Amino acid sequence: MRIVVLVKPVPDPAAGSERLGPDGRLDRAAAPAVVNGNDEYALEAALKLAAAAGEGSDVTLLSMAPGSAPETLRKALAMGATRGVHVTDRALAGSCAVATATVLAAALRTLDYDLVLAGVDTSDGVGGTVPASVAARLALPFLSYAARIEPDEASGTVRVRRISATGYDLLEAPMPALISCTQVLGEPRYPSLKGIMAARSKEIATVSLADLGLDPAAVGGAVPTTSLLTATAPPARAATEVVRGSPAEGATRIVDFLSQRRII
Amino acid sequence: MGELWVIGEPGPDGGLARLSTEVATLARELAAASGDDVVGIVVGAAPDAAAAELARFVPRVVGVTDAAIAERAWSTPAAARVADLVDRAATPPNLILLGAGPDGRDLAGALSALTGLGVLTGATAVTWTDAGPAVEMSAFGGKLSTTSGFTAGRGIVTVRPNVVTAVPAAAPGTVETSEASVAGHVLPAVAVLDRVSEAGAAAPIEEARIIVSGGRGVGGPEGFGLVEQLASALGGAVGATRAAVDSGWIPYSQQIGQTGKIVKPELYLALGISGAIQHKVGMQTAGSIVAVNRDPDAPIADFADLLVVGDLFEVGNALLERLRARPG
């Protein structure tokens, strides 16, 4: 079983230091990068599937990201991925979602895989459209919002439980296929010391737009489909009213508050 | 004048998703400013019921019948059918609007690939300017509020729930039908083998006006009994933090936050929730935030409107008593 996991380095949401630079792009120096949360679930699922399939299995990380990304990818390699492919190019600064999907699809064309796994969305922009877009560009079956993934190598198909409003839909498609992954797949492992040591010598291939046969003038920052007009801090919420007292007093204050705001 | 398209997404029982009625209302508001015509599009194996529902909100609906969708995952073939309509349109639509839920995101991504149109996601507001649509979004967990546009002046926008209140049009619109084109876009089919309803599936949180939510402080599945009773007394839905979901006290469908759902109810009542950033990003735009927590220094003290310091069971039960004692 050969699996590619799409991985995006994102500013650490827990650090809370994200800000834009004067060019309207993320100030990457201000915000430490981590592997996007939902991508970690995808990677954990990939590692389990590869281990279950045994001999000849591997997990490749694919990331389109600025030059600093290998540092973040090492953390994912330390979890157990086999190698990394890092697509990076100055011309990609300021890329829109269309460019991201175009580039990831082009990079996937150069790789062998049975499955491509990706997080359902990323914590920075919370877009959630790139997995579907990559699948459509490659004419791969797209199975989304996975809560469980069950490949069957004998029949060459994969079954996915897709989370629905009332439960789940059981989906099936031939492999290769692209699957978007949720937290329900299971908690990502912590890298072991051995894994961290091993990750230091794992290969991270650097790939440019030219390597992928893409024209820097036709994809990326030169031809974005969207443009940022303004970016402001949202208005702060009003000061918090703190009530200390008996439970009865607290409950009464809540009812009054809800009545005043016409919520009840 | 051009057109603004609203894609009607499937709701329960072959009907229309409630979010689509909000998106349709937003489209009418935009059309009033842009001078465009609003067209609703419903793609399905039997689109009639959803198309009729969408026609309560927009002047004209096109129902596209694609029989194969009955046994397939909806978003990919639906994207192909909408891309066919874009190809056939005399002038492509200025805007294609969908909901920012799973189906809307999946369709938007595939449609962007098929048409090359840009996509702006998770809109918290959309207005019309001389240069076209201006789409407000929230980035980096709500730390930034951004406004973006399309460089080509047209594109695809997904809209979060509760951005507008759904209001039917003064007069219902017309419904016309269109067969799926034969020589259109083709994407690989994904079969739906089964649709499983899980017992105890709770009310959906994305569209709820009131959410009562529990965290680690609730202590266990029994504790969620009180959360459920309060939600029921307030006519709301039950939400939870990731800690409560990871502990198996409540299903993932109710999880609010970074790897769960983003909600914007009128009232968010947080019980035993510390308000860590991963949770905050999912609920900080709620109209009113009321928290009950033992710890007056918990992070939620910084962004709640009202914080009652105390035991959530004692305060919660006292609150339940008062709510139940209210007339009507």
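## Chain A at a glance

Of the contacts in chain A with a separation of 6 or more, what percentage comes from residues 24 or more positions apart? Those residues account for 70% of them. Keep in mind that this is a predicted model, with an ipTM of 0.95 and a pTM of 0.95.

As for what chain A is built from, there are six helices and 13 strands. Chain A has 264 residues, and 48% of them are buried. Laid along its principal axes, the C-alpha trace of chain A covers about 65 × 45 × 40 Å.

## Chain B and its two domains

Chain B comes with an average pLDDT of 94, and 98% of its residues score at least 70. The domain assignment splits chain B into domain 1, residues 3-179, and domain 2, residues 210-325.

How far apart are the C-alpha centres of domain 1 and domain 2 of chain B? They sit 32 Å from each other. Where the two domains of chain B are in contact, domain 1 puts in five residues and domain 2 puts in seven. On the domain 1 side, that breaks down into one nonpolar, three polar and one charged residue.

## The seven-stranded sheet

Chain B holds an open sheet of seven strands with parallel pairing, and the order reads E5-E9-E4-E1-E2-E3-E10. Which strands stand at the edges? In chain B those are E5 (118-123) and E10 (174-179); each has a single partner strand, so one side of each is left without a neighbour in the sheet. Going from one strand to the next, the twist averages 25°.

Take a look at the E5 end of the sheet. Strand E5(B) is mostly covered, with six of its six residues buried. Its link to strand E9 of chain B (residues 155-159) is a parallel one, made by four bridges. Among the bridge partners, B:Gly118 goes with B:Gly155 in E9(B), and B:Val119 goes with B:Ile156 in E9(B).

Then there's helix H4 of chain B (residues 102-115). H4 lies across four strands of chain B, namely E1 (3-8), E4 (95-99), E5 and E9. Relative to E9(B), helix H4(B) runs at about 170°.

## Where A meets B

The contact between the chains draws on 76 residues of chain A and 80 residues of chain B. Which element supplies the largest share of the chain B side? That would be H4(B), with nine residues, the helix that also lies across E1, E4, E5 and E9 of chain B. By type, the chain B side of the contact has 44 nonpolar, 24 polar and twelve charged residues.

Strand pairing crosses between the chains as well. Strand E13 of chain A (residues 241-244) pairs with strand E16 of chain B (residues 306-309) in the parallel sense, over four bridges. One of the bridge partnerships here joins A:Glu241 to B:Leu306 in E16(B).

How values were computed
Residues are numbered from 1 along each chain as its sequence is written. Chains are lettered from A and ligands numbered from 1 in the order in which they are written. This is a predicted model: local features need pLDDT of at least 70, side-chain atom pairs count only at pLDDT 80 or more; totals for chains, interfaces and linings use all residues. pLDDT is the predictor's confidence in each residue, from 0 to 100. Two strands pair if DSSP finds at least two bridges between them. Helices (H or I, at least four residues) and strands (E, at least two) are DSSP runs, numbered from the N terminus. Axes are lines fitted to C-alpha atoms, for helices over the stretch in contact, and angles run from 0 to 180 degrees between N-to-C directions. A residue is buried if 20 or more other C-beta atoms lie within 10 Å of its own, exposed if 12 or fewer, and partly exposed in between; C-beta atoms are placed from the backbone. Ala, Val, Leu, Ile, Met, Phe, Trp, Tyr, Cys and Pro count as nonpolar, Asp, Glu, Lys and Arg as charged, and the others, Gly among them, as polar. Domain bounds come from an automatic or database domain assignment.
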